[in-house]
Amino acid sequence: MSAKAEAEKTLWWATANPAPRTASLAQDMSVDVAVIGGGFTGLTAAWHLARRGVRVVVLEASALGMEASGLNAGFVVPNFAKAPPAAVVARFGQERGERLLNMIGQGADRVFQTIRDNGISCDAEQNGWMHVAHSLEALGRLAGQAEAWQKLGRPVRMLGAAEAKRRTGLRLCAGALIDESGGMLHPLNYLYGVAELVQAAGGVVHTHSPAERLEAAGSGWKIAVGGHAVTAGKVLMCTHAGGHGAARPLARVSVPLFVYQIATEPLPQDVVARFSPQHNPIADTRANLFTYRLDRDNRLISGAMAMIPFGAHQRMGRMVVERLAEELNLPKVPKVDFVWRGKAAMAPDFLPHLYQMQPGVIGGVGCNGRGVALTAMLGEVLADAACGTPLADLPIPSGPLRSIPFHGLVPVVSSLAIGQARFADRKLAGRTQAD
């Protein structure tokens with residue numbers, strides 16, 4: 001299925017604002033900084049550069065929103081998916097670890113402030129993201145994380161089992177962590193809004209303009225785009241899991257995970273009030289992660305990964321909606337209106353990274369399922385790097401580009417991990433029933 005056909009199957013495409021007016025590159029051009037990739041990271045970096053008076057162009061291979069930035073679920077979560085504060089500090093030390101944590105901790109606030117300040121229409125709700133403990137053991141881990149975030153000044157607290165269950169309706173709920181700065185939005189409309197900010201600040205956005213090759217040109221770089229060339233003093237690679245053309249080396253430092261998302265028919269308000277009275281976006285702590293959120297029309301949105309990719313669209317849609325009905329004790333299984341697949345970029349250590357790919361060519365990857373919040377900060381950090389801040393002085397870890405060994409086998413390992421997670425959940429369900 002083509003990228004365009006995939007995008008057109010999404011809830012976001014069906015409910016999108018008019019896209020910003022863009023065009024493909026039609027002539028040679030020269031800029032200070034070329035940004036390859038027109039997703040959240042690339043457009044955010046370009047916006048910060050344009051605001052500083054830097055001549056910047058964004059080169060997007062297809063239309064805006066055809067990859068991860070337009071195919072995700074729209075959760076705005078200001079933390080790392082698999083790297084709790086204690087692990088980050090243990091790895092980098094107190095000072096550097098806290099710099100990195102403070103950066104990601106500000107991500108959601110930065111997103112929502114940008115939306116408010118610039119009037120971006122994207123159904124934004126900064127109503128608090130909840131992480132639900134499925135067991136008492138998990139509750140203890142979340143309590144330790146909440147304490148660490150509180151010491152960093154973040155608006156994070158714990159909810160008891162009764163309050164957490166009232167807000168979520170989950171059958172497995174020992175309590176929850178809530179980060180009041182988190183929330184949700186319409187990701188495609190947010191992306192469109194950031195693209196318009198780039199253009200309003202004087203930057204240029206070219207769609208359907210794939211960066212095919214990168215060649216040294218004096219003290220800068222020449223990027224081949226179709227029959228034309230972009231000459232730039234510096235280049236920012238912001239393609240994450242994309243692996244085509246000039247960005248191919250960057251794709252080999254992360255693990256691509258394909259996530260199927262579904263959106264149900266709109267649910268009656270009285271049903272929604274029983275499991276989500278405050279519209280909080282939810283994730284839990286099980287190995288086979290369960291998440292859900294609501295959109296402006298009370299559609300339930302959730303997702304999962306497929307062990308076997310063949311024929312997965314129909315199968316995953318049915319599986320995800322049946323799990324929603326079971327976990328939330330819905331009166332009936334809702335009809336699925338949309339099923340789509342997106343690709344996330346996961347780093348082996350679940351942290352973001354900057355890579356000096358060549359002198360003056362910097363790549364940033366590793367959103368790890370936290371793309372909306374993290375890219376608000378990663379884009380700004382990349383803009384700082386393009387303006388001359390040494391990578392060692394930035395809060396995101398950096399180093400030389402090294403491909404993951406046996407990268408071609410990654411999909412097989414991912415499928416095995418999904419199976420292991422589902423098996424762990426079945427064992428948990430059996431113990432719960434026995435109790």
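Over residues 412–423, pLDDT (the predictor's confidence in each residue, from 0 to 100) stays under 50, and the model has 15 contacts there beyond four places in sequence. Contact means heavy atoms within 4.5 Å. A second stretch, residues 429–435, also has pLDDT under 50, with one contact beyond four places in sequence.

This is a predicted model, in which local features need pLDDT of at least 70, side-chain atom pairs count only at pLDDT 80 or more, and totals for chains, interfaces and linings use all residues. Residues are numbered from 1 along each chain as its sequence is written, and side-chain values use heavy atoms, with hydrogens and water left out.

**Overall picture**

The average pLDDT of the protein is 90, and 89% of the residues score at least 70. The protein has 15 helices and 19 strands. Helices (H or I, at least four residues) and strands (E, at least two) are DSSP runs, numbered from the N terminus. Of the 435 residues, 55% are buried. Buried means under 20% relative accessible area, exposed over 50%, and partly exposed in between, with a 1.4 Å probe and protein chains only. Take the contacts between residues at least 6 apart in sequence: 74% of them join residues at least 24 apart.

**The eight-strand sheet**

Eight strands form an open sheet with mixed pairing, in the order β5-β6-β4-β13-β14-β15-β12-β16. Strands β5 (156–159) and β16 stand at the edges with a single partner strand each, so one side of each has no neighbour in the sheet. From one strand to the next, the twist averages 20 degrees. Two strands pair if DSSP finds at least two bridges between them. Three antiparallel pairs are listed here.

| Strand pair | Bridges | One residue pair |
|---|---|---|
| β12 (residues 255–266) and β16 (residues 336–346) | 10 bridges | Ala 263 and Phe 338 |
| β12 and β15 (residues 299–305) | six bridges | Val 259 and Met 305 |
| β5 and β6 (residues 175–179) | four bridges | Val 156 and Asp 179 |

Two helices pack on this sheet. Helix α9 (residues 161–168) touches β4 (129–133), β5, β6, β13 (282–284) and β14 (291–294), and its direction makes about 95 degrees with that of β5. Helix α13 (residues 312–327) touches β12, β14, β15 and β16; its direction makes about 60 degrees with that of β12. Axes are lines fitted to C-alpha atoms, for helices over the stretch in contact, and angles run from 0 to 180 degrees between N-to-C directions.

**A helix crossing**

Helix α7 (residues 107–118) and helix α14 (residues 371–386) have axes that come within 7 Å and cross at roughly 85 degrees. The two helices are therefore roughly perpendicular. Angles of 65 to 115 degrees get that label; under 35 counts as roughly parallel, over 145 as roughly antiparallel, and the rest as oblique. On the α7 side, Gly 107, Ala 108, Arg 110 and Val 111 take part; they meet Val 372, Ala 373, Ala 376, Met 377 and Glu 380 of α14. By class, this contact has six nonpolar, one polar and two charged residues. Ala, Val, Leu, Ile, Met, Phe, Trp, Tyr, Cys and Pro count as nonpolar, Asp, Glu, Lys and Arg as charged, and the others, Gly among them, as polar.

**Lys 82**

Lys 82 sits in the loop between β3 (75–76) and α5 (85–92). Its relative accessibility is 55%, so Lys 82 counts as exposed. The C-alpha atoms of Lys 82 and Asp 349 are separated by 8.2 Å, although these residues are 267 apart along the chain.
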